[in-house]
Amino acid sequence: MPDKTKEESIPTDQLISLLLTLEEDVINEIESSNESATALRLRVFGKDSEFVKLTSNIKTIPKDEKTRCGIVLNQVKKAIENALSKKASRSEGITDNDWIDLTAPGTQPPEGHLHIVTQAIEEITQIFNKLGFTRVRHPEVDWDWYAFESLNMPQNHPARDEFETFFIQSSNIKFSLNKQYERIKNYQMVLTPHTSNGQVREMEKGKLPIRMINIAKCYRPNWDVSHIPMFHQFEGLYIDKNVSIGHLKGVLDYFAKSFFGEKRRTRIRPFHFQFTEPSFEVDITCGICNGTGKLPNGLTCRLCKEGWLELGGAGMVHPNVLRAGNIDASLYNGFAFGWGVERTYMMKSGTQLDDIRLLYGNDIRFLEQF
Ligand code: PHE
């Protein structure tokens, strides 16, 4: 009677052939099965698997044949492993047998941010909101009445040359609903070269006092490292009784401190614009040298050279402009200012772009840095 507690010995060749058959069967099964690689692995190599049973027979193989058998066993195991990992990489879809850990933290999707110019516009809007200025929208394609003529810049006035302008064909455009029709019907349409077209449009709403901040796209046909044909300006307009240059200076200082930092100061220098009288250029102290023009090592500041950076134009609204907007210039007056958003942003961040066109190149590698 054979001893039941002892495993029966199988002849080596038979064991090898059983292993090879198993390999073939298992690989076929792996390839045709719908089960996941993980589930299949458990079954193929599990405690009660055929593979484990056959493997245990190795013990009974005569010593001198063990090596031959072991080599085959390893090859079979490798082949099955290969089939399993192929299966795992092939199965992208999740089957019912796959286990998902719902509590595992998700993969963070790539997160973008608002364009830096949009961020600047939002910040500027908030600062002026605090002073009671409301952001308004006016056309970015407008009659040259609003862009020039109503701003005390008659046709053929040389000042209009400074605003080299995109004119658009508008001979067929009827504007009969607008009460200004009679006055503007002979004029052309332009892509607004500045946000000042919003001044008379705002006055025409007929509500006083006016505290507007008009932020919009502007267009001028320039294209080089410091100019882009489309850029942004923000235009402030304050119209009330007894407005003084002191009010203007107060608003400028408040903006400079809020946007650039507590230590920054502004100054106004005489300048000339057709639509303001008097007119100013507004400067702000340089953030690199703190308005001294000199660096701690005694060298001249390379950014500003003399302590001040130029922000943009401002002035007290010209009475002719008030009149164009149907405002009684003997009762009301006010101030206006208009600056470039891109320029102002670059001055704040200290970002020295050697090419302003980068802002609109849509290159993620550039935009991601902000
Ligand atoms: N519109 C002027 C420009 O584009 C700036 C400005 C606005 C100046 C308002 C004075 C008052 O240069």
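Let me begin with the ligand: one of its nitrogen atoms is 2.9 Å from an N or O atom in the side chain of Ser-196, a polar contact being a pair of N or O atoms within 3.5 Å. The model is predicted, so local features need pLDDT of at least 70 and side-chain atom pairs count only at pLDDT 80 or more, whereas totals for chains, interfaces and linings use all residues. Residues are numbered from 1 along each chain as its sequence is written, and side-chain values use heavy atoms, with hydrogens and water left out.

Two further side chains deserve mention. An oxygen atom of the ligand is 3.0 Å from an N or O atom in the Gln-233 side chain, and an oxygen atom of the ligand is 3.1 Å from an N or O atom in the side chain of Arg-220. Of the 330 Å² of accessible area that the ligand has on its own, the protein covers 92% (Shrake-Rupley method, 1.4 Å probe).

Which residues come nearest to the ligand? They are His-194, Ser-196, Arg-220, Gln-233 and Gly-338, out of 15 around the ligand (a heavy atom within 4 Å). By class, this shell has six nonpolar, seven polar and two charged residues; Ala, Val, Leu, Ile, Met, Phe, Trp, Tyr, Cys and Pro count as nonpolar, Asp, Glu, Lys and Arg as charged, and the others, Gly among them, as polar.

I turn now to the strands, which are DSSP E runs of at least two residues, numbered from the N terminus. β6 (230-240), β9 (308-317) and β10 (333-340) each supply at least two residues of the shell, and β10 gives the largest share, three residues.

How values were computed. Polar contact = N/O pair within 3.5 Å; in protein donor to acceptor, adjacent residues only side chain to side chain. Helix = DSSP H or I, 4+ residues; strand = E, 2+ residues; numbered from the N terminus.
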